[in-house]
Amino acid sequence: MVIKHKNIFKTESPWSDANQLMLCLDTGSWRTERPVLDKAKCNYCGLCALYCPPQCMKDMGDHYEADLAFCKGCGICAHECPKQAYTMSPEGDFTNES
Amino acid sequence: MKAKKGKVSVLTGNYTTAYAARLCRPEVIAAYPITPQSEVAEQLSSFVADGSLDAEIVEVEGENSAMNVCRAASLAGARVFTATSSYGLVYMYDTLLETAGFRAPVVMANVNRETPGIHAVSSGQQDMISTRDSGWIQIIVENNQEIIDQIIMSYRLAEDYDIQLPIMVNYDGYYLSYLSEAVEIPEQSDVDAFLAPLKKQPQRPRLIPGASTGCGTHGMEMGYVEARYKHWSALERAKQKVDDIDKEFGEYFGRSYGGQIEEYKTADAEIVILASGSAAGSVKTVIDAKRAEGIKVGLVKQRLFRPYPEERLIQALKGKKAVGVIDRSLCFGWKYGPMCMELKAIAPDIGSMPILSYIDGLANLDITIPHISRVVDEVNAAAKGKAYQDVTWIPME
């Protein structure tokens, strides 16, 4: 048997490191809507990053941005944001590939 | 280098198990008492109480928690030990799967006893058979000396960096658990020396306070497939390791058991009996008697149940004229006993020959010398072309 698969886990046992984010699944393809940030409302508190289930929020220095390759569009960031800075927008409204 | 001769003591199988575990210096022990295993837990507790074993005993409310504690401690880097039986083993079923899936090198003694359904507080291998596909390495031993030696060898195998798998060491409840035999207990310094190579390996991943790591937390799609493939591959690798460790143990301590299988007078045998556990000793006695009558019969004692010792069995049985398999358990929904059913799966590789299935020794019924003698006679007749019965429940006839 020729193994073509590239290992996801670095260890023999299935260990994950949350600091490297648990990004190994194609969860981005599940999304029907995406979080769009109004930077004027964002105070960089980080709650969206804390609550994000796939842990895909990228720290941009003064705000956070969802990595669309992994964001599954669950909307929890928008729900938890104390400033209501996120709006969930349907994917059909975007023409660019994510 | 050879180990010193150990002190010989007369011990029951259960006390032997506790002595064996102490020699391996486990750091965490969690075991819930259940007949016929209880003395193992009791004796380990008294070792900790009298200061002769420096381990943390976690008193749990059941076997499910016992295995959860052992797995967690193992993932934190500790060496762990536990023991159970029957109802206890099946009560920890989900955690058995997790322990294997997380690749936690837990060593557990399982004192074989019949399983739920019919409340028979008696010997039988059905408990071990019921956890066959849990992903554990499963080994069956024959006597008290083999218990102590196999538990020591099990740590070398479980904690081997290339293996990282839990191991269940099975011995017959009642027959061995309460049977007193003379047992040579190796010296502590010699066991330390035998286990020392484990310290030179790369450290396996472990839980570290403050580090955001976890094991088995996710593995969907290809993550799952990869983890299963690695687990499956480790079990395949374990077969050769069992042989290697047994050989090394033999060179050092002067006792070895054949590794995956023990062969007794098989080299020139025309027919072979396949058995396991304490019954194998009785089979050897019958073989000697039958050979005196001119029947060329041998024994294959199956020690490794999982992973299946396919290659060794093919080597031992290829070209024989007939095989009789004595199972001390059932394979519900398949007419043959479990070990017979599995042997039939490799029948193309051992050649076409009659394979006779015998069910005996359930619920503490003895696999007696007359029973085994009858098996040998029937297998011998089948080898000569006589008609035979596929499956025989010996106590029912």
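Colleague: Which residues does I152(B) touch, not counting residues up to four places away in sequence?

Modeller: In this predicted model, I152(B) touches L23(B), C24(B), P186(B), V191(B), F194(B), L195(B) and F249(B). Each of these counts as a contact because heavy atoms lie within 4.5 Å.

Colleague: What makes the set around I152(B) a nonpolar core?

Modeller: A nonpolar core needs buried residues of certain kinds, Ile, Leu, Phe and Tyr among them, joined through side-chain atoms within 4.5 Å. The largest such core has 51 residues, and I152(B) is among those that touch the most other members, along with L44(B), F81(B), I137(B), Y171(B), F194(B) and L195(B). Apart from it lies another core, of 30 residues, including L274(B) and V391(B).

Colleague: Now to the empty spaces. Why is the one lined by C42(A) called a cavity?

Modeller: A cavity is a place where a 1.4 Å probe fits but cannot get out, so that is the reason for the name. The largest cavity has a volume of about 100 Å³. Among the 15 residues that line it, C42(A), C45(A), C48(A), C81(A) and Y86(A) are the closest to its centre.

Colleague: How do you know how the lining of the largest cavity divides?

Modeller: Cys and Tyr count as nonpolar, for instance, while Asp and Lys count as charged. Sorted that way, the lining has 11 nonpolar, 2 polar and 2 charged residues.

Colleague: And what is the volume of the second largest cavity?

Modeller: Its volume is about 90 Å³. The residues closest to its centre are C52(A), P53(A), C71(A), C74(A) and C77(A), and its lining divides into 12 nonpolar, 2 polar and 1 charged.

Definitions and conventions:
Residues numbered from 1 in each chain as written. Chains lettered and ligands numbered in written order. Predicted model: local features only at pLDDT ≥ 70, side-chain atom pairs only at ≥ 80, totals over all residues. Heavy atoms only, no water. Buried < 20%, exposed > 50% of the residue type's maximum accessible area, 1.4 Å probe, protein only. 1 Å grid on protein atoms, 1.4 Å probe; cavity = no way out; pocket = protein on both sides within 12 Å on 5 of 7 lines; lining within 4 Å. Points joined across faces, edges and corners; volume = space filled by probe spheres on them.
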